[in-house]
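Q: Please take a close look at the surroundings of the ligand in this structure. Then place that part within the rest of the chain.

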Amino acid sequence: MRFDILTIFPGFFDSPLRESLLGKALAAGHLDVRVVDLRGFTDDRHRTTDDRPYGGGEGMVMKPGPLFRAIEALRAEPPPPRVVLFTPRGRLLDQPLVEEMARWERIVLVCGRYEGVDERVHRHAADLEVSVGDYVLAGGETAALAVVEAVSRLLPGVLGCAASARRDSFSDGLLEYPQYTRPADFRGWRVPEVLLSGDHERIRRWRRECALRLTLERRPDLLAKADLDAADRAFLRR
Ligand code: SAM
């Protein structure tokens, strides 16, 4: 799977793409991430990527010319990519969308800055507009990192233990159960006895019930779409 990140701040990605899980995944060739400098597609001496908004008002808007030229150049390279534009008005990024993206062969991630990008880029250059939440970031770069990281951990070989991604929050529609590690007693706060019991069926049921309870308390909206069995439904009715 390949990502092309289109940005005016390529240096933003230097360290995140070298460190930790992502750095290892890239070094091992599980995914390919290319950072593309939008200024390489400008046509003036000052390498201008933004201009004043028509109609007046605060701030600057990213010009359509460099963005269209860059996106067209990236589309011309095989395999054909999906072009994702980051914007607060886009489809909210959630685990089902991340899972869908993990099945795409190549994604171009377009990072806006300033007051955003010219409307013609939204309408005629992007395949999908994506938001990472109901708040406003200074630019799409942080959103791009969130997508690359969330998608890459679903790719074969990236996580040491593939099963852990299947157990994570949202993967089955629920929030994850609480996790504990040693010591069993920390400042008088003891690990629930069931986790020390060695009884795998009791542990499985305890974790499931904790996940159901947490989701009911904190994100009841998720329960409507969660994959629940008869025992889960009986527990939630209690
Ligand atoms: N004026 C825009 C608005 O009110 O919707 C916000 C522009 S924001 C300061 C600059 C860029 O950051 C956007 O073009 C977009 O690429 C990115 N951005 C900001 N918030 C975002 C969010 N919640 N999700 C995705 N991208 C975001």
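A: Strand E5 (residues 82–92) gives the largest share of the shell around the ligand, with 3 residues. The model is a predicted one. In all, 19 residues surround the ligand. Those that come nearest are Phe86, Gly112, Gly116, Leu137 and Gly140. By class, the shell holds 10 nonpolar residues, 7 polar ones and 2 charged ones.

Now look at the loop between helix H2 (64–76) and E5, where Pro79 has its place. The peptide bond from Pro78 to Pro79 is cis. Its omega is near -10°.

Next come two helices. How do H3 and H5 sit relative to each other? Helix H3 covers residues 95–102, and helix H5 covers residues 141–152. Their axes come within 9 Å. They cross at roughly 75°. An angle of 65 to 115 degrees counts as roughly perpendicular. H3 and H5 are therefore roughly perpendicular to each other. On the H3 side, Val98, Met101 and Ala102 make the contact. On the H5 side, Val147, Ala150 and Val151 do so. The contact of H3 with H5 has 6 nonpolar residues, and no polar or charged ones.

Step back to the whole protein. It is divided into two parts: domain 1 spans 2–152 and domain 2 spans 169–237. Taken over C-alpha atoms, the centres of domain 1 and domain 2 are separated by 37 Å. UniProt draws another range. Its unreviewed entry lists residues 1–224 for "domain: tRNA methyltransferase TRMD/TRM10-type". Over residues 1–224, helix makes up 34% of the chain and strand 18%. The end C-alpha atoms of that stretch are 32 Å apart.

Two further backbone details deserve a look. One is at Arg47, in the loop between strand E2 (32–37) and strand E3 (50–51). Phi of Arg47 is near 55°. That is a positive value in a residue other than glycine. The other is at Pro183, in the loop between helix H6 (162–167) and strand E8 (185–186). Here the peptide bond from Arg182 to Pro183 is cis, with omega near 5°.

Back to the ligand to finish. Its shell draws its largest share from E5, and Phe86 is among the residues that come nearest.

Key:
Residues numbered from 1 in each chain as written. Predicted model: local features only at pLDDT ≥ 70, side-chain atom pairs only at ≥ 80, totals over all residues. Axes fitted to C-alpha atoms, helices over the stretch in contact; angles between N-to-C directions. Helix = DSSP H or I, 4+ residues; strand = E, 2+ residues; numbered from the N terminus. Parallel < 35°, antiparallel > 145°, perpendicular 65-115°, else oblique. Contact = placed C-beta atoms within 7 Å. Nonpolar A, V, L, I, M, F, W, Y, C, P; charged D, E, K, R; others polar. Near = placed C-beta within 6 Å. Domains from an automatic or database assignment. UniProt positions renumbered as here; feature names shortened; annotations may be inferred.
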